[in-house]
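Work through the three exercises below with the structure open. Try each task before reading its solution.

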Amino acid sequence: MTAEYQVHGDVAVITLANPPVNGLGLSTRQGIVDGLAKAEADAAVKAIVITGAGGAFSGGADIKEFGTDKSLQEPNLHSVINAVENAGKPVVAAIHSVCMGGGLELALGCHYRIAAPGCSVALPEVKLGILPGAGGTQRLPRVVGVEAALNMIVSGEPVKSEMIGAVPGQKLFDKMAASAESLAAEALAFAKSVADVRPLPLVRNLPCKHPEGDAYFQFARNMVKGMAKNFPAPAKCVDAVEAATKRKFADGLAFERELFINLMWTPESRALRHLFLAERAASKIPDVPSDTPKRDVQKVGVIGAGTMGGGISMNFLNAGIPVTILETKQEALDRGVATIRKNYEAQVKKGKLKQEKYEQRMALLSTTLSYDDLKDVDLVIEAVFEEMGVKEAVFKQLDAVAKPGAILASNTSTLDVDQIASFTKRPQDVVGMHFFSPANVMKLLEVVRGKATAKDVLATVMAIAKKIKKTAVVSGVCDGFIGNRMIERYSQQAGFLLDEGCTPQQVDKAIEKFGFAMGPFRMGDLAGNDIGWAIRKRRAVEQPDMKYSKTADLLCEMGRFGQKTGAGWYDYQAGKRDAIPSDVVNKMIEDHRKALGVTPRKVSDEEIVQRLVYALVNEGAKILEEGIASKSGDIDMVYLTGYGFPIHRGGPMHYASEVGLFNVVESMKRFAKNPLDDARAWTPAPLLAKLAAEGKAFQ
Ligand code: 3HC
Ligand code: NAI
């Protein structure tokens, strides 16, 4: 049982005890109902307190139980809340730390609520693609008002208990405790003080009205429509709260339940729930226990003040960690520091950063031309030119000066981290930290685990990633790691689509309609088409039989590297980023098609999307079976946080499982028959073929 029962004098205390956040799983729900029954049966008990053990009152329904039999078994959350409301003795919720979702709904079912300051109060269900399904949409408006409740429900954002407690007329909290420490004693005293008060107050009996009901809800609907185009839940939240103002309580509750169940079955909700769990799972490495001791990181060194070095440094400065940047020339240092200043100043101008904070951050930054100044840093990240010779020189120097135990990281995007580690006498301290550009903005950090990388180095880097607010995903060593290795297959398909009859804008439009932030050609123009060109030249030596469309090379031969040269797959006006279809490029593509002897065909948007996404999926499956990624959710996190994959689709691997792996493989077989495509690329990865044959999904 994950709820404890104790009696203190004439007050029974039911303590939710389901770590980490007292999720209301079956055993906890049963524990509450059993506790209530015991308290009711004990004549010596006059009042009941419900509270939570550890760092939460409750984080809500147990998300890990969703979709399992347990979530359906009685007592469900409705039955628990009914039992609380119908108790013959007053039930007081003693709320602290975290009171969210079903946890808040449980509290709203109690007769009284006492809250400690500093508690995060929220109905965050919308972030999981659902809405509060245990009375939250019906009860919250009755205690904080319709508008405040709708704001909380549609945004899912937490509000601090003391802020709610300070609002005149609010009925959510009957009392604010002086502190979290005094909550337990104050809750007992409060319960005693109301033990004989009858009738017992019920939130459901409070009125719920909005003075300009129809106009207000119309306004709310319009707001929500603009904000949440790919998600159905926010609009349903408005419907449910409107029902609270227009229907009888029981009818409103039934309506909310119906909406909740329908939303639970939507692909958008499945994607968001997958994302919630995958994000947390990504921070765990199967063979690195969570209690692995971590190295202390107080000072950081960054080598190279170019595009990446500057952005990487900002992450640490933002987190209050001092950074020393090393360069070969003073001019390069000056340029790098000026860019950092420019970025911060832009934030200050927009009101996103206070001048004082900006100055504090800059005061943490120092620069040097000498490796001697790196001898006491705890972590150093190299971001110099992408050439093995340059990396070798840097790591040899680092090995000579860095203190024992310092972590030596490389931001390389394509080079072999094991080879880089071999330039030192301490390969166990070497790791890849692959940031994405712009490094101060992008959430993704691929942590590249070399064959010698020590477990405590990995544990430290994962912890530091959290501190600098990155989503860290561990990748094994391979060319391109997880993200770039997969994107190559996607780019290969994008090129073939041009050869077969598409224009860049048609391809971009189709995949952007699917939900990608940017299609492959707009993305190429942003990142610089010359980067792929250099990689293809290298590949041409390593894999001479590689098949790809030559249009990208022809584009680069025209000097059209993208936005930085004012022209790429699209034309750009000076100082602007709008992609304008280019006649020159479209003619180049047509001429190339003629040279190949290809008669263009109309390719459907559906085929475009399938070929681009399934190309990612097949490579992802190979990455999974080779152990480069340890879970399919890690691959999804890479794509969701680093490559603009649509959130509501849940990442390529989750999306493929939603489509059905059997269907994915069937489409791949069809694409393999296309003579203009690369049949080898469509041979299903053995793992994909196996799961498809067994009717299973990626795990
Ligand atoms: N159920 C089960 N586990 C949960 C959970 C929940 N509701 N909320 C958090 N957890 C777990 C996480 O999975 C994680 O587990 P792990 O250590 O095994 O990975 C652990 O708690 C810690 O979570 P975080 O890493 O997110 O820790 P933080 O301290 O940063 O945040 C939190 C804690 C604010 C509670 C945050 O986890 C959160 O926002 N949780 C989601 C809460 C939520 O969405 N509740 C609504 C659930 S749906 C519902 O109640 C339906 C009802 O209306 C019928
Ligand atoms: P960049 O060319 O903008 O900057 C490199 C900097 O390193 C220059 O300022 C140069 O003066 C300095 N440098 C060169 N040799 C040095 C040495 N021996 N010691 C000290 N400084 C030296 O390059 P960028 O784009 O910042 O890339 C750096 C690394 O990050 C590369 O390994 C690259 O593959 C990787 N990377 C780049 C991404 C990008 O989008 N630009 C994304 C992810 C990784």
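The exercises cover a helix, a strand and a ligand site.

The model is predicted: local features need pLDDT of at least 70, side-chain atom pairs count only at pLDDT 80 or more, and totals for chains, interfaces and linings use all residues. Residues are numbered from 1 along each chain as its sequence is written, chains are lettered from A and ligands numbered from 1 in the order in which they are written, and side-chain values use heavy atoms, with hydrogens and water left out.

**Exercise 1. Check the length of helix α13 (residues 307–318), then its burial.**

Step 1. Helices (H or I, at least four residues) and strands (E, at least two) are DSSP runs, numbered from the N terminus.
Step 2. The expected span is 1.5 Å times one less than the number of residues. For the 12 residues of α13 that gives 16 Å; the end C-alpha atoms lie 17 Å apart, which agrees.
Step 3. Apply the burial cut-offs: buried is under 20% relative accessible area, exposed over 50%, partly exposed in between (1.4 Å probe, protein chains only). In α13, 10 of the 12 residues are buried, so the helix is largely enclosed by the rest of the structure. Among them are Met308, Ile312, Phe316 and Leu317.
Step 4. Look past the helix. Gly320 follows α13 and has a positive phi, near 80°.

**Exercise 2. Place strand β4 (residues 91–95) among its partners and describe its two faces.**

Step 1. Strands pair if DSSP finds at least two bridges between them. Strand β3 (residues 47–52) pairs with β4 in the parallel sense over 3 bridges. Here Ile50 has Ala93 as its bridge partner.
Step 2. Strand β6 (residues 112–115) also runs parallel to β4, joined by 4 bridges. Val92 is bridged to Tyr112.
Step 3. In a regular strand, side chains alternate between the two faces of the sheet. Val91, Ala93 and Ile95 take one side of β4, Val92 and Ala94 the other, and all are buried.
Step 4. With 5 of the 5 residues buried, β4 is therefore largely enclosed by the rest of the structure.

**Exercise 3. Which residues are closest to ligand 1, and which atoms make polar contacts?**

Step 1. Count the shell, taking residues with a heavy atom within 4 Å. It holds 23 residues; Gly102, Glu105, Glu125, Arg280 and Lys284 are the closest.
Step 2. Find polar contacts (N or O pairs within 3.5 Å). A side-chain N or O atom of Arg280 is 2.7 Å from a ligand 1 oxygen. A backbone N or O atom of Gly133 lies 3.1 Å from an oxygen atom of ligand 1. A polar backbone atom of Ile63 is 3.0 Å from a nitrogen of ligand 1.

Technical notes:
Polar contact = N/O pair within 3.5 Å; in protein donor to acceptor, adjacent residues only side chain to side chain.
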